Amino acid sequence: MRAIGIILAGGNSNKMGELSEKRAVCAMPIAGHYRSIDFALSNMSNSHVQTVGVITQYNAGSLNQHLSSSKWWDFGRKQGGMFIFTPTQTANNSRWYRGTADAIGQNLDFLKRCHEPYVIITSGDLVYKMDYNKLLEYHISKQADVTVVCKDMPSDVNTDRFGTIRMNEESRIEEFEEKPVVAKSHTVSCGIYVIRRRQLIELIEKAESEERFDFVRDILVRYKDMKRIYGYKIKDYWANIATIEDYYKTNMDFLKPEVRDYFFSEYPNICTKVIDLPPAKYNVGVKVKNSLISSGCIINGTVEDSLIFKESFVGNNCYIKNSIILNDVYIGDNTHIENCIVESHGTIQANSYCKGEDGIKVIVENNERYVI
């Protein structure tokens, strides 16, 4: 592969509420066993990108622990590898990252030490599969300065919180608005980019000299008329878990056989850090329908249309529906949980009733809070 990878994994999403109070968004559990960053890392590995830099910052403890060994994504190599970058105090700088461009700028030596001609940049909070080789071939064929991966969203999706773009017949981007007040297009940027390495260094250094810190606003939007910036449309599954509603919907999508098979049965695979746990145990009288139950769980009662993450316990006569139970949760007997997300390491007392009437209810340490 003629490119290196950069995964931006340091942002803080206030829209994730309580779920991001103790972990980075890129470390959010997905589909029972995975973290959201696993998808970007697996795409890099499956596309034979040998050198990948992961830039972390906010609540990076659990994320760094998850990334403690690169072997799970096949980056434990003699050449290349996975490199973790956090804000570091130096003789010239003692600041936290002030934006995506600044995050790359403070680690510019990483780019300068590499020899590959191209850079693939992606966010770590995306759920998708992609062959970056096809993306790079498209980028080269268009003789583009920058290529932006994009997707047409359904008409009922609010695109105001995305970067929206409009392209001409040759797929060159003519309009690029970052989180507009009123979106003029339903084609959104997917947060995945290809750019020539030397040009990225030049643009980042220029942005730093002008105290501009955001990669999208201060580089892509600013140079859209000066540089050859093209869009690369995808039709496959793609999700951004920037809000609690997105996080809930993305996990629930894995209850659909076509989504589940696409990610976990079709080649290439999605890899993650493996924890040795026994298989889930289903006691006598259990009823489970259209649900994902992870390793290490002990299940009693009834579970419908839900995801139960690792090492959780569901007591006798419990009823769980349309809910996400994160890692290591204890649910007491005779408990009803519906339309909820239960934060990890929590305890739900016996005989509790938790139901989201007007949205998804997040339960953290026995405190129930409506968030949507």
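## Helix 1 and the residue after it

Helices here are DSSP runs of H or I with at least four residues, strands are runs of E with at least two, and both are numbered from the N terminus. In this predicted model, helix 1 spans residues 37–46, and H48, just after helix 1, takes a positive phi of about 65 degrees.

Nine of the ten residues of helix 1 are buried, so this helix is largely enclosed by the rest of the structure. The buried positions are I37, D38, F39, A40, L41, S42, N43, M44 and S45, a list in which D38, S42, N43 and S45 appear alongside the nonpolar side chains.

## Nonpolar cores

In soluble globular proteins, nonpolar side chains tend to be buried together. The largest nonpolar core of the model has 39 residues, and those touching the most other members are I37, L41, V54, Y132, I192 and W238. Helix 1 and helix 5 (132–141) each supply at least two residues of this core, as do strand 1, strand 4 (51–56), strand 6 (118–123), strand 7 (126–128), strand 11 and strand 12 (229–233). Apart from this core lies another, of 33 residues, which includes I165, Y193, F215 and I229.

L41 shows how helix 1 meets residues elsewhere in the sequence: once its neighbours within four places are set aside, L41 is in contact with I7, V52, V54, L67, W73, F75 and M82. Of these partners, V54 is itself among the core residues that touch the most other members.

## The largest pocket

The largest pocket holds about 1,100 Å³ of space. Its lining comprises 38 residues, with T100, S123, D125, E178 and K179 lying nearest the centre, and it divides into 16 nonpolar, 14 polar and eight charged residues.

Several elements each supply at least two residues of this lining, namely strand 1 (3–9), helix 3 (100–105), strand 10 (173–178), strand 11 (187–196), helix 7 (215–221) and strand 13 (238–240). Strand 11 gives the most, with four residues, and strand 11 also supplies at least two residues of the largest nonpolar core.

## Backbone exceptions

Most residues other than glycine have a negative phi, and most peptide bonds are trans. K179, one of the residues nearest the centre of the largest pocket, has a phi near 50 degrees, a positive value in a residue other than glycine, and lies in the loop between strand 10 and strand 11. N317 has a positive phi as well, near 60 degrees; this residue sits in the loop between strand 20 (313–314) and strand 21 (319–321), and at 61% relative accessibility N317 counts as exposed.

The peptide bond joining Y267 and P268 is cis, with omega of about 0 degrees. P268 is placed in the loop between helix 9 (257–264) and strand 14 (281–282).

## Cysteines

A search of the whole structure finds zero disulfides. C150 is in no disulfide, and the nearest cysteine sulfur, that of C190, is 6.5 Å away. C150 is buried, with a relative accessible area of 0%.

For C354, the closest cysteine sulfur is in C340 at 5.6 Å, which is too far for a bond, because a disulfide requires a pair of cysteine sulfur atoms within 2.5 Å. C354 is likewise buried, with a relative accessible area of 2%.

Notes:
Residues are numbered from 1 along each chain as its sequence is written. This is a predicted model: local features need pLDDT of at least 70, side-chain atom pairs count only at pLDDT 80 or more; totals for chains, interfaces and linings use all residues. Side-chain values use heavy atoms; hydrogens and water are left out. Buried means under 20% relative accessible area, exposed over 50%, partly exposed in between (1.4 Å probe, protein chains only). On a 1 Å grid over the protein atoms alone, a cavity is a set of points where a 1.4 Å probe fits but cannot get out, and a pocket is an open set with protein on both sides within 12 Å along at least five of seven lines; lining residues have an atom within 4 Å of a point. Grid points are joined across faces, edges and corners, and a volume is the space filled by probe spheres set on the points. A nonpolar core is a set of buried Ala, Val, Leu, Ile, Met, Phe, Trp, Tyr and Cys residues joined through side-chain atoms within 4.5 Å. Contact means heavy atoms within 4.5 Å.
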